[in-house]
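Dear colleague,

I am handing over the structure that we spoke about, and below it you will find some notes on what turned up in it. Please read them with the structure open beside you.

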Amino acid sequence: MHQIPINLSWHRIPKNSTDVKPYNTKTRNCQQIQYSKNSKSVKLSKETRKANAAIAGLGKSKRILLSDTLLRNYSDDEIKAVFAHELAHVCLRHAWKILVFGALISLISFCLAYVSFNKSLDFFGFKQVYDIAAFPLLALILLLIGLVFIPLQNGFLRYLEKQADMFALSHTRNKESFISALKKLGRQNLSDPAPGKLVRILFYTHPSISERICYASKENEKHP
Ligand SMILES: [Zn+2]
């Protein structure tokens with residue numbers, strides 16, 4: 001698979017900042033934000049084919065990463081909109097919420113799997129839980145539980161993504177740039193702008209491009 005390398009440098013901002021000004025246009029060919037009080041270490045070189053932005057790390061290692069494919073091809077205001085979205089994930093502590101939610105889902109899933117597996121052993125003629133022949137039954141139970149909980153988990157992630165979008169819109173007050181950045185990202189990353197409802201519920205961790213554009217337009221109407 002051919003991949004385009006991206007280079008990242010760093011720019012430091014206050015830990016709990018909700019200000020998007022720390023974005024530095026002078027270093028737009030490469031950018032990384034490090035949320036560390038004591039460290040100015042530089043992290044370099046990730047690889048992607050697509051324009052992308054992400055949060056990496058927890059605690060002092062927390063960073064916002066913007067790919068150079070994004071920094072090269074997007075306007076300053078579009079980059080600022082993407083940056084503000086990622087900053088929202090940090091300020092709203094989304095990483096911790098996802099960890100706690102994921103841990104709860106895992107705990108409930110394994111409890112359900114334990115009870116269901118034990119109760120169904122006799123019915124399928126197995127004597128012990130460690131009977132290797134019963135492993136496909138366990139796999140089937142885990143699959144069925146996953147079919148219930150994965151959409152729930154994805155729904156929670158979509159909720160957090162919408163929160164981050166709203167944060168970005170309220171701090172940048174520039175819906176045109178937010179929407180044009182979304183359209184560019186959708187085209188560059190070959191995203192389906194308006195997938196079917198079932199596909200969204202089952203597989204999407206983000207609201208679709210058309211949904212995001214729709215609520216972005218309405219949100220900025222409230223804050224002209
Ligand atoms: Zn996000």
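Among contacts in the protein chain between residues at least 6 apart in sequence, what percentage join residues at least 24 apart? The share is 65%, where two residues are in contact if their C-beta atoms, placed from the backbone, lie within 7 Å.

Please keep in mind that this is a predicted model, in which local features need pLDDT of at least 70 and side-chain atom pairs count only at pLDDT 80 or more, while totals for chains, interfaces and linings use all residues. Residues are numbered from 1 along each chain as its sequence is written.

The protein chain has seven helices and six strands, which are DSSP runs numbered from the N terminus (helices are H or I with at least four residues, strands are E with at least two). Along the sequence, their pattern reads β-β-β-β-β-β-α-α-α-α-α-α-α. Of the 224 residues in the protein chain, 20% are buried; a residue is buried if 20 or more other C-beta atoms lie within 10 Å of its own, exposed if 12 or fewer, and partly exposed in between.

The largest nonpolar core (a set of buried Ala, Val, Leu, Ile, Met, Phe, Trp, Tyr and Cys residues joined through C-beta atoms within 7 Å) has 25 residues, of which Leu 66 and Phe 178 touch the most other members. At least two residues of this core come from each of β6 (63–66), α1 (68–73), α2, α4, α5 (175–188) and α7 (209–222), and α2 gives the largest share, with eight residues.

Helix α2 (residues 76–91) also meets helix α4 (residues 135–172), their axes coming within 8 Å and crossing at roughly 125 degrees. Axes here are lines fitted to C-alpha atoms, for helices over the stretch in contact, and angles run from 0 to 180 degrees between N-to-C directions. The two helices are therefore oblique to each other, since angles under 35 degrees count as roughly parallel, over 145 as roughly antiparallel, 65 to 115 as roughly perpendicular and the rest as oblique. Among the residues that make this contact are Ala 84 and His 85 of α2 and Phe 167 and Ala 168 of α4.

Finally, two arginines have a positive phi: Arg 93, near 55 degrees, is in the loop between α2 and α3 (94–121), and Arg 173, near 50 degrees, is in the loop between α4 and α5. Arg 93 is exposed, with 11 other C-beta atoms within 10 Å, and Arg 173 is exposed with 12.

Best wishes
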